[in-house]
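Notebook open, structure loaded. I'll jot down what I look up as I go.

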Amino acid sequence: MSELLIDIFGKPHGIIIFQLVAATRFTIYLSLVAFGGGGVVAAMITFLTISPQPGLGKIAQTYIWFFQSIPLLMLLFLTGLGVPRLIGVDVNPWTAATISLVLFTSAYLAEVWRGAIAAVLPGQWEAGFALNISFVSTLKKVILPQAIRYGLAPTVGFMVQIIKGTSLAYIIGFSDLMLTGKRWANAPVSGSEPFIIFPIMAVIYFCICYPLAVVARKLEAEDLAKS
Amino acid sequence: MHKTDENLVVNMQNVNKWFGEFHALKDIDLSIYEGERIVVCGPSGSGKSTLIRCLNGLEKHQDGTIKVHGTVLNDNTESVKKIRKNVGMVFQQFNLFPHLTVMENCILAPMENLHLSEVEASKLAMSFLERVQIPDQANKLPGQLSGGQQQRVAIARALCMQPRLMLFDEPTSSLDPEMIKEVLDTMVALANDGMSMICVTHELNFARRVAHRVIFMDEGKIVEDQSPKDFFENPQTDRARLFLSQILDH
């Protein structure tokens, strides 16, 4: 693979592109972990926001507000640099980046999903209750199938934000597309100047994000057509 | 019809309900017996819908006692579930589940509550869909039906739970005029079968035809509780007279 790229682009560009593409897989892994972990936590938070127990809803709402109000960069500094210094342990960049992105993602996704559930007409809950269908069954069989319709497009759209958000993790030493690119841009190698490297990186980010943006837009259009 | 404690369907004593500052129901006392058909009417905001929504716990009352089929309605989930099992409700906006077919709408509750298999529940549902005369629409989605058909599905769906009392919350108010009749005919047929019904409606002809009692509400209070004949021909209060003149003179 690396030889092929060198054949096509020559040195050093073949090597640079190979390294950037190789580093991109960590960007993708981190995005997937953030989305998966964040999704699971978001599902729990969302459930709390709609729970009939008002106390639980408050806790969930506070969680959402709190992590939506802190910049992702701040979370990365806190988990990657602040807390390790405080307790005197080394936290590897993977762990710190994962924790930060899961907190960030879960708060946003929970808000999106809460909104999607709230968009289902209250009469649907009432019809379920009047038919003596339990809260959980009404949620599962009546509300969620409709809420997914509302929530799918913004969820896919938010994945784009996560992917771009992972680029901040370079700041705590997470070795991804961003960090690798920045190293090359700083290297005293002719042909790896910032004005060459950064556009290549932008193209790679674009290639990952654009298809998702297209899917999100398509889902939205389908949804509009249905309603 | 004997009015004894045994066949008391609804018993409300001194019921009060507030929405924040707004006093929605004021000292409601009401007894309804098995087989009775009640029409509740009154100006908008008078508490008619709130009254029947309190009966199956969709709204919570803050004060007083509500008993339905002898069960006291309180915050206990078991009491609410026990009451809802025997009380069907039809809404102004139908509230059908739009992502499920007519048949799926109908079998959801019986499968969960009566522990029927899908085949048994479908058989039951089909019998009620026949009764509201739309068995041929069973596999369609609600959005493919007319308003009148949707409301008849909603009635069939409620009947699938085999309730002993049916609540109707302005069932014809969001229908086009030419569809009102088919829904009212369905309700009359149900009435003729002896179902206990409480119906919030402005269809006064329906009230004349099927109701045993007309309850007139104003500002959260029951102002009149009479036979339809007495209510229409000889209303006791100025408020009811004014209401009737406005509704009949247009």
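**Strand β3 of chain B and its neighbours**

I started in the middle of a sheet: B:Val40 has B:Ile215 of β9(B) as its bridge partner. This is a predicted model, so I keep the confidence scores for a later entry. The two strands, β3(B) and β9 (residues 213-218) of chain B, run parallel and are joined by four bridges.

Next I looked for a second partner. β3(B) also pairs with strand β8 (residues 196-200) of chain B, in the parallel sense and over four bridges. There I picked out B:Val39, whose bridge partner in β8(B) is B:Cys199.

Then I asked myself: are the residues of β3(B) buried or exposed? Five of the five residues in this strand (residues 37-41) are buried, so the rest of the structure largely encloses it. I checked the side-chain directions too. B:Ile38 and B:Val40 point one way, while B:Arg37, B:Val39 and B:Cys41 point the other way. I note that the buried set includes an arginine, B:Arg37.

**The hairpin in chain B**

I moved on to β1 (residues 8-19) and β2 (residues 22-33) of chain B, which pair in the antiparallel sense over eight bridges. They form a hairpin with two residues between them. In the turn I found B:Gly20 with a positive phi of about 60 degrees. I also looked up B:Trp18, and its bridge partner in β2(B) is B:His23.

**Helix α9 of chain A**

I switched chains for α9(A), residues 194-226. This helix has 33 residues and reaches 47 Å from its first C-alpha to its last, close to the 48 Å expected at 1.5 Å a residue. Where does α9(A) kink? I found a kink of about 30 degrees at A:Cys207, shortly before the proline A:Pro211.

**Where the chains touch**

I looked up the contact between A and B: chain A gives 14 residues and chain B gives 17 residues. On the chain A side, the elements that give two or more residues are α6 (122-130) and α7 (135-166). The largest share there, six residues, comes from α6(A). By class, I noted seven nonpolar, five polar and two charged residues on that side.

**Confidence**

Last, the scores. The model has ipTM 0.93 and pTM 0.86. Chain B averages a pLDDT of 92, and 98% of its residues score at least 70. Within chain B, I found confidence lowest in helix α9 (residues 238-248), at a mean of 88, and highest in strand β6 (residues 87-90), at 96.

Conventions: Residues are numbered from 1 along each chain as its sequence is written. Chains are lettered from A and ligands numbered from 1 in the order in which they are written. This is a predicted model: local features need pLDDT of at least 70, side-chain atom pairs count only at pLDDT 80 or more; totals for chains, interfaces and linings use all residues. The expected span of a helix is 1.5 Å times one less than its number of residues. The bend at a residue is the angle between axes fitted to the seven residues ending there and the seven starting there. Two residues are in contact if their C-beta atoms, placed from the backbone, lie within 7 Å. Ala, Val, Leu, Ile, Met, Phe, Trp, Tyr, Cys and Pro count as nonpolar, Asp, Glu, Lys and Arg as charged, and the others, Gly among them, as polar. A residue is buried if 20 or more other C-beta atoms lie within 10 Å of its own, exposed if 12 or fewer, and partly exposed in between; C-beta atoms are placed from the backbone. Two strands pair if DSSP finds at least two bridges between them. pLDDT is the predictor's confidence in each residue, from 0 to 100.
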